[in-house]
Amino acid sequence: MIDFLNLRLTLSLGVALLTICGLAESRMGTADKSDSILIIGGGTWGTSIGLELARAGYSNVSVLDGYDIPSSIAAGNDLNKIMEEGSQGVADTDSKYAWNRLHEICTEAWLNDPVYKPYYHRTGYVMAASSDAAYEAVLGDIEGQENEWSKVETAEQFRATMPEGVLQGDFVGWKGFAKSGNAGWVFAAGAIRSARDEAERLGVQFITGEQGLVTELLFADGASRNNGSAPGPAALLGAKSADGTIHRAHTTILSNGANADQLLDLKFQLRPTAWTKAHIKMSAEEAMLYKDLPVLFNIEKGFFMEPSAETHELKICDEHPGYINPIYADDDSKTIIGSMPFAKHQIPLEAEERVRALLGETMPQLADRPFSFARICWDADTVDRYPLLDWYTPDHVGDGAEGGRFLLAIGGSGHSFKTMPAMGQVVLEFLEGREDDRTKRAFRWRPEIAVDRNWWAVQDRWGAQGKVMDFNDVKGWTSIGEA
């Protein structure tokens with residue numbers, strides 16, 4: 001005999017799951033513009049995604065973040081980031097093609113989009129190295145664009161790239177290239193605020209604080225899938241915040257950077273990695289001399305660009321392959337299974353030494369200035385340093401799973417702020433089922449390249465004795481602002 005009560009309950013639950021997860025349509029088909037869309041992470045990419053969805057007419061978009069936007073711990077909340085225009089080398093693979101495409105889209109936005117244009121400063125770029133091996137890497141970086149660059153090989157030539165009196169160092173062993181156009185820097189925090197403001201004007205809701213701090217993704221089986229644990233197939237139902245709020249949507253987009261693998265088993269495709277920066281406070285009069293500087297980047301030493309027009313602070317970053325905070329398996333194998341981000345508005349003393357060494361070689365007049373600010377900045381490295389942009393489908397959680405519309409937009413890999421305007425546009429393509437085929441292949445879910453991942457891989461980065469460093473080995477930290 002048929003149990004009609006249980007049948008009705010079963011059918012009702014099935015319809016509810018289809019509605020919540022957006023399964024009434026194809027998992028990767030197009031979205032209705034009135035469907036609810038939840039973006040987890042209001043940093044560089046999350047804010048851009050929210051803006052582009054609103055511009056395209058999506059009327060029910062919410063962005064969740066634990067901090068006011070731009071977040072005080074987000075790497076994108078910064079005085080400046082390096083920007084180079086156009087293609088970034090020869091597009092002889094899908095990955096290089098897709099990376100170039102992001103750069104071409106974002107170049108158009110930084111040059112012409114009123115939301116982004118005011119924050120791009122086309123002041124030029126000086127790129128250099130100190131060792132022969134690193135110089136070969138610089139040559140590789142400019143391959144195909146050699147006609148844009150001029151050689152810079154002597155101290156006099158380096159000093160001549162900036163106003164007289166700025167560069168007073170000896171530049172011993174330095175050699176590189178300079179260009180006066182098609183590159184410069186963007187006021188990063190200003191660009192994020194601008195995108196947030198326009199997105200809000202167009203109807204995007206930004207939910208911050210405890211209600212916006214997502215602590216768990218909710219799946220139909222009630223099991224967690226964070227920190228390498230994937231208990232089996234189940235549909236995504238929503239996201240739970242620190243205050244207990246459960247956010248549900250037809251489509252969820254994960255764009256919370258280095259914190260992504262705390263919410264989802266990503267099969268070791270992300271390595272949260274941190275870098276270090278410090279600020280020097282200048283007077284308004286001093287800052288005028290340093291205005292409109294090109295970016296100066298020695299890929300083994302570090303980089304800087306002009307001071308902030310708002311605070312008159314000069315940001316200096318020491319270059320290195322990064323720091324990690326390893327998480328080890330609960331056994332005697334000493335196997336690393338992750339890296340745990342943490343916030344700190346200080347930097348290791350060894351990083352301070354590297355910053356001051358860079359200043360000593362370039363602007364020795366500033367080498368002993370006290371720091372006004374410092375912090376560590378986290379991003380997430382993929383194995384190949386290309387973004388991870390793909391639908392989280394049943395294949396990713398096991399055979400037979402019923403997956404909802406759950407899109408991953410993560411893996412900035414320490415060099416993706418400039419792609420901010422482009423990522424929103426490309427995510428929109430994915431959402432509407434019109435994604436570029438080569439981009440889809442290049443940025444796909446790719447755990448096969450993370451099998452037996454080397455957590456200490458430098459990934460073509462230089463500096464700091466050529467090693468990824470462990471925060472547990474740091475002997476001391478700066479004490480800026482402490483009594």
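Visitor: What is the word for how helix 3 and helix 10 lie to each other?

Guide: Helix 3 and helix 10 are oblique to each other. One thing to keep in mind from the start: the model we're looking at is predicted.

Visitor: What angle do the axes of helix 3 and helix 10 make where they cross?

Guide: To read a crossing, look at the angle between the two directions: 65 to 115 degrees would be roughly perpendicular, and over 145 would be roughly antiparallel. Here the axes cross at roughly 120° and come within 7 Å, and the crossing is right-handed.

Visitor: Which residues make the contact?

Guide: On helix 3, look for Arg-101, Leu-102, Ile-105, Cys-106, Ala-109 and Trp-110. Helix 10 brings Pro-421, Ala-422, Met-423, Gln-425, Val-426 and Glu-429. Sorted by class, this contact has nine nonpolar, one polar and two charged residues.

Visitor: And helix 2 with helix 10: at what angle do they cross?

Guide: Read this one the same way. Helix 2 (residues 44-55) and helix 10 (residues 420-431) have axes that come within 7 Å and cross at roughly 55°, which makes helix 2 oblique to helix 10. Their crossing is right-handed. Residues in the contact include Trp-45, Ile-49 and Leu-53 of helix 2, with Met-423, Val-427 and Leu-428 among those of helix 10. The class tally is nine nonpolar, five polar and one charged.

Visitor: Let's try sheets. In what order do the strands of the three-stranded sheet come?

Guide: Sheet order tells you who sits beside whom, whatever the numbering along the chain. This open sheet has the order 3-8-4, with antiparallel pairing. Strand 3 (81-84) and strand 4 (120-121) are the edges, each pairing on one side only. Helix 3 (residues 94-112) packs on this sheet and touches strand 3, strand 4 and strand 8, with its direction at about 105° to that of strand 3.

Visitor: How many bridges join strand 3 to strand 8?

Guide: Bridges are the links you follow from one strand to its partner. Four of them join strand 3 to strand 8, and Glu-84 stands opposite Ala-183 there. Strand 4 pairs with strand 8 (residues 183-186) over two bridges. Across that pairing, Tyr-120 stands opposite Val-186 and His-121 opposite Trp-185.

Visitor: What is the strand order in the sheet of six strands?

Guide: That open sheet runs 9-2-1-13-23-22, and its pairing is mixed. Its edges are strand 9 (205-207) and strand 22 (388-391), and the twist averages 15° from one strand to the next. For a parallel pair, pick strand 2 (residues 61-64) and strand 9, joined by three bridges; Val-63 has Phe-206 as its bridge partner. You'll meet helix 2 again here: it lies across strand 1 (37-40), strand 2, strand 9, strand 13 (251-254) and strand 23 (405-410), at about 160° to strand 1.

Visitor: Last topic, rings. How many aromatic pairs does the structure hold?

Guide: The structure holds 18 aromatic pairs. For any pair, check the centres, then the planes. Trp-378 and Phe-471 have ring centres 5.7 Å apart and planes at 55°, so this pair is tilted. The two residues are 93 apart along the chain, with Trp-378 in strand 21 (residues 371-381) and Phe-471 in the segment after strand 24 (469-470), and the pair links distant parts of the chain.

Note on methods
Residues numbered from 1 in each chain as written. Predicted model: local features only at pLDDT ≥ 70, side-chain atom pairs only at ≥ 80, totals over all residues. Heavy atoms only, no water. Pairing = 2+ DSSP bridges. Helix = DSSP H or I, 4+ residues; strand = E, 2+ residues; numbered from the N terminus. Contact = heavy atoms within 4.5 Å. Axes fitted to C-alpha atoms, helices over the stretch in contact; angles between N-to-C directions. Parallel < 35°, antiparallel > 145°, perpendicular 65-115°, else oblique. Left-handed = near helix turned anticlockwise from the far one by under 90°. Nonpolar A, V, L, I, M, F, W, Y, C, P; charged D, E, K, R; others polar. Phe/Tyr/Trp six-rings, centres within 6.5 Å; stacked < 30°, edge-to-face > 60°.
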